[in-house]
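This report looks at charged side-chain pairs and at one polar residue in the structure shown below.

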Amino acid sequence: MFGRDLIEEANVAPPTHVAIIMDGNGRWASKRLMPRFEGHRRGVEALRRTVRAASDLGIRYLTLYSFSSENWSRPRTEVDYLMGLVKRFVRNDLAELHASNVRVLIIGERSELEGELADLLAEAENLTASNTGLTLVVAFNYGGRQEIAAAARRLAEMVAAGTLKPEEITPEVFAGKLHTVGIPDPDLVIRTSGEQRISNFLLWQSAYAEFVFLPLLWPDFDRSALEAALAEYKSRDRRFGSVSAATPSRQATSG
């Protein structure tokens, strides 16, 4: 038994924030002797399924790693196709997201984006800004190291300007300069395709996240896969550096 039933039986709330590294579109297509473009198109269908399932399962924040800052190095034809997919997704799905009370947030650098795409992303945020359901966070042109470096630069500029003292820089102050300010840290990070790495995704924010690596490729991801990941999350003993109340300490059990 997976998903909401198992979580409810144990009286465990679902994670507030789930982040997903959507990996495996190209391999999905290659296994079926299809062009990579078809894998990306099917990946968008998986994205739609996942947003609906996350909302149904009570997840409050869903962050999807849609395009990394390193993805610009892919062949130009593939990058252009991906940009087109993003545009079509916003045009075709924004009305449904808005009607479903989904709030859309975009994280990542936008200075490199061409005007039409940047305008569409801003439109998605502005239209849904007052919605109170699932918050869909789209990591687009995003890189964790780049985000941390940019935050460090902003703090250094404040110190140089005399508006901030070095000793006033705390983890909380630093986090306030990240793209994700106002968004809770992820409780659960899922990666598809069987790869077991985080690929420059939410490096700061995932310090205490649980990780679940699934062998299926992203176009095959669906509600049942999300429920299985939630069940695995529920089984973890999240101590955040402390000792679990259910586990005696070494000192208590020695002697």
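With which residue does Glu195 form a salt bridge, and how far apart are the closest N and O atoms? The partner of Glu195 is Arg27, and the closest N and O atoms are 3.2 Å apart, where a salt bridge is taken as a side-chain nitrogen of Lys or Arg within 4 Å of a carboxyl oxygen of Asp or Glu. Because Glu195 sits in the loop between β5 (188-191) and β6 (210-213) while Arg27 belongs to helix α2 (residues 25-31), the pair ties together parts that are 168 residues apart in sequence; helices (H or I, at least four residues) and strands (E, at least two) are DSSP runs, numbered from the N terminus.

The model is predicted, so that local features need pLDDT of at least 70 and side-chain atom pairs count only at pLDDT 80 or more, whereas totals for chains, interfaces and linings use all residues. Residues are numbered from 1 along each chain as its sequence is written, and side-chain values use heavy atoms, with hydrogens and water left out.

**Salt bridges**

By the salt-bridge rule the count comes to 21, and three of these pairs are set out here.

| Pair | N to O distance | Citation |
|---|---|---|
| Glu195 and Arg27 | 3.2 Å | salt bridge |
| Glu96 and Arg52 | 3.1 Å | salt bridge |
| Glu232 and Arg236 | 2.7 Å | salt bridge |

The side chains of Glu96 and Arg52 meet in a salt bridge, and this pair links distant parts of the chain, with Glu96 in helix α4 (residues 76-99) and Arg52 in helix α3 (residues 36-56), 44 residues apart.

As for accessibility, buried means under 20% relative accessible area, exposed over 50%, and partly exposed in between (1.4 Å probe, protein chains only). On this scale Glu195 is partly exposed at 23%, as is Arg27 at 34%. Glu96 counts as partly exposed at 38%, and Arg52 likewise at 40%. For the remaining pair in the table, Glu232 has a relative accessibility of 33% and Arg236 one of 27%, and each counts as partly exposed.

Glu195 and Arg27 also belong to a network of salt bridges that links them with Asp23, Arg191 and Arg197.

**Asn25**

Helix α2 also holds Asn25, which counts as buried at 14% relative accessibility. The side chains of Asn25 and His40 are joined by a polar contact of 3.3 Å, that is, a pair of N or O atoms within 3.5 Å, of which, within protein, one must be able to donate a hydrogen and the other to accept it, residues adjacent in sequence counting only if both atoms are side-chain atoms. Apart from neighbours within four places in sequence, Asn25 is in contact (heavy atoms within 4.5 Å) with Gly39, His40, Gly43, Trp218 and Pro219.
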